[in-house]
Amino acid sequence: MCDLLNRIWSRPRGEWSRVVRREIPDFAEKVVAELQRGFPALASLLGNTPVEEAQWALEQALLTVLGYQKESQSKRPAVSSVVTPMPVARARQDLFDVLAGQRDVPDEGLDGLARAAGWPVPDTVQAVVLATPAEAPQLAAALGHALIGTVEGDTCLIVPDPATQTRARLEAALKGRAAAVGHITGATDAGSSLRWARYLLTLAPSRVGPEARAAFVDDHLSALLLLQDESLADALTARWLGPLDELTPRQSERLEVTLLAWLEGGGAPEAAKLLHVHPQTVRYRLRQIEKLFGPVLRDPRSRFELEMALRSRRLMAHVRSYRARVGRRARTVASTIRPLGMAREARVNGL
C-alpha cells in the first residue's frame, strides 16, 4: 500500500485518478493472493468463487473508499453459473436478501436457494439487528448459525427456530451490545421482524459497555403499534386532547398525567397511588378534567381513545426528544472533524 501511494503522489494531482485505476487491479490481485495464503479460513469461505471475482470486488471497494466512484456505480461482471457453482457464502447472502424482502424469490425457488446455502428454511425465524457489525459472525454461529446480512446499512441476523433460542440465551449472547430483537414470525415474513427490530433500535438509547442490554420488540408491542405512523399519532392527540390546549404547559402536564393515571387505575384512590399524591388532589383535578372533556369520560370507547391519545403524546415526546439529543451529538462530533488531504491521512495512519 505504501508503494502504491508513493506512485500516486509522485504524479501530478490531475493524473491521480488515472494512476489509481491503472494500479488498483495489480494491487488487488496481490492482496487476495496474500490473504488466501495467510488465512486458510478465507480460502474456504470463498469456496468455488473465481479468484478474479474476489479481486474485482476488492478493486471496487478500494475505488469506493478512495472516493473515485460511488458504491452504486460498481456493477459486478456476469459469472456463468454453468461454469462456476454458486458458493455457499453467496447463496446464504442471497437467501438472506430473499427472506428480508430485498429481492424476489429466484426461479429455482426458495428450497433450491436454501439447499445451495446449506441452510434449510425453518418454520419460524426471529430477527436481531445490531448497532455495530463487530463480532457478527461469532454471534451468528452462537445463535444457531443465523443468516447474516445488511438492510439499508444495518447489520442484521435471521435466527432460525427461535423456540430453541430462549430469551435468556439471546440476552446472554447480546449482553454488552446495542441491539434489538424482533418478534417471532414465519420464515416468509422475516422482513416484518427485521423492520420492527430496526425501528425499535432507532428509538432505544444506544448504550454501550458491559451493562448494555438488547431491546425486545415483544416488550414494546403497544408502543410500536401507536408509533407506526407519526402523522396518525398526531391526528389522534389533536382529536382528543384539544381541550388541554388552552392551559399552560404546566397545567396541561398535570391534568394529562392525572387523566392517564385515572384511566389506568379505574378510580381516584388508584390514581393517587400511581401519582403518589393525596386522593383529594386527584379528585380536585378530575373535576377540572370533567369540565374540559364533559360526557366523553363516561363512554368506554371514548375513554379507550383518550388513553391511546395520551400514550401517543407521551411516546412521541420521548421519541422526538431522543432524536434531538442524537442529532445534537452527531452535529457536535461532525464539528470536531477536519478533513485531511490524502497525503496527510496516510501520514496520520502511519503509511
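Which residues does Leu275 touch, not counting residues up to four places away in sequence? In this predicted model, Leu275 touches Val257, Thr258, Ala261, Val282 and Arg285. Leu275 itself lies in helix H13, which covers residues 268–275. One of its partners, Val257, is 18 residues away in sequence, and the two C-alpha atoms are 8.1 Å apart in space. Leu275 has a relative accessible area of 24%, and because buried means under 20%, this residue counts as partly exposed.

With that one residue in place, the whole chain can be introduced. The chain has 16 helices and five strands. Of its 351 residues, 38% are buried. The chain exposes about 20900 Å², and carbon and sulfur atoms supply 55% of that area. Contacts that span the sequence are a feature here: among those between residues at least 6 apart, 67% join residues at least 24 apart.

How confident the predictor is varies along the chain, and a reader may like to keep this in mind. The mean pLDDT is 78, and 72% of the residues reach 70 or more. Confidence is highest in strand S1, at 95, and lowest in helix H16 (residues 342–348), at a mean of 36. Over residues 330–351 the pLDDT is below 50, and this stretch has 11 contacts in the model beyond near neighbours in sequence. Another stretch, residues 77–86, stays under 50 as well, and the model gives it 11 contacts beyond four places in sequence. Where pLDDT is low, the predicted coordinates should not be read in detail.

The next topic is the sheet. Five strands form an open sheet in the order S2-S3-S1-S4-S5, with mixed pairing. At its edges are strand S2 (147–151) and strand S5 (215–216), each of which pairs on one side only. Strands of a sheet pair through backbone hydrogen bonds, either parallel or antiparallel. Strand S4 is a helpful place to see both arrangements. S1 and S4 run antiparallel and are joined by six bridges; in one of the pairs, Gln126 has Ile184 of S4 as its bridge partner. S4 (residues 179–186) and S5 run parallel and are joined by two bridges. Here Ala180 is partnered by Ala215 of S5, and Val181 by Phe216 of S5.

Is S4 enclosed by the rest of the structure, or is it open? Six of its eight residues are buried, so S4 is largely enclosed.

Helices also meet the sheet. Helix H9 (residues 190–203) packs on the sheet and touches S1 (124–130), S2, S3, S4 and S5. The direction of H9 makes about 155 degrees with that of S4. Helix H5 (residues 88–99) lies across S2 and strand S3 (154–160), and runs at about 60 degrees to S2.

H5 has a helix partner too. Two packed helices are described by the angle between their axes and the distance between the axes. For H5 and helix H6 (residues 109–117), the axes come within 7 Å and cross at roughly 140 degrees. The crossing of H5 past H6 is left-handed. On the H5 side, the contact is made by Val88, Ala91, Arg92, Asp94, Leu95, Val98 and Leu99, and on the H6 side by Leu110, Leu113, Ala114, Ala116 and Ala117.

Two loop residues beside S3 deserve a look at their backbone angles. Glu152, in the loop between S2 and S3, has a positive phi of about 50 degrees although it is not a glycine. Glu152 has a relative accessibility of 69%, so it counts as exposed. Asp161 is found in the loop between S3 and helix H8 (167–174). Its phi is near 45 degrees, again a positive value in a residue other than glycine. With a relative accessible area of 37%, Asp161 is partly exposed.

The last residue to visit is Leu236, which has its place in helix H11 (residues 230–240). Is Leu236 buried or exposed? Its relative accessibility is 18%, so Leu236 counts as buried. Leaving aside neighbours within four places in sequence, Leu236 is in contact with Glu305, Met308, Ala309 and Ser312. Leu236 and Ala309 are 73 residues apart along the chain, while their C-alpha atoms are separated by 5.6 Å.

Terms used:
Residues numbered from 1 in each chain as written. Predicted model: local features only at pLDDT ≥ 70, side-chain atom pairs only at ≥ 80, totals over all residues. Heavy atoms only, no water. Pairing = 2+ DSSP bridges. Helix = DSSP H or I, 4+ residues; strand = E, 2+ residues; numbered from the N terminus. Contact = heavy atoms within 4.5 Å. Axes fitted to C-alpha atoms, helices over the stretch in contact; angles between N-to-C directions. Buried < 20%, exposed > 50% of the residue type's maximum accessible area, 1.4 Å probe, protein only. Areas by Shrake-Rupley, 256 points an atom, 1.4 Å probe, with all protein chains shown as cover. pLDDT = per-residue confidence, 0-100. Left-handed = near helix turned anticlockwise from the far one by under 90°.
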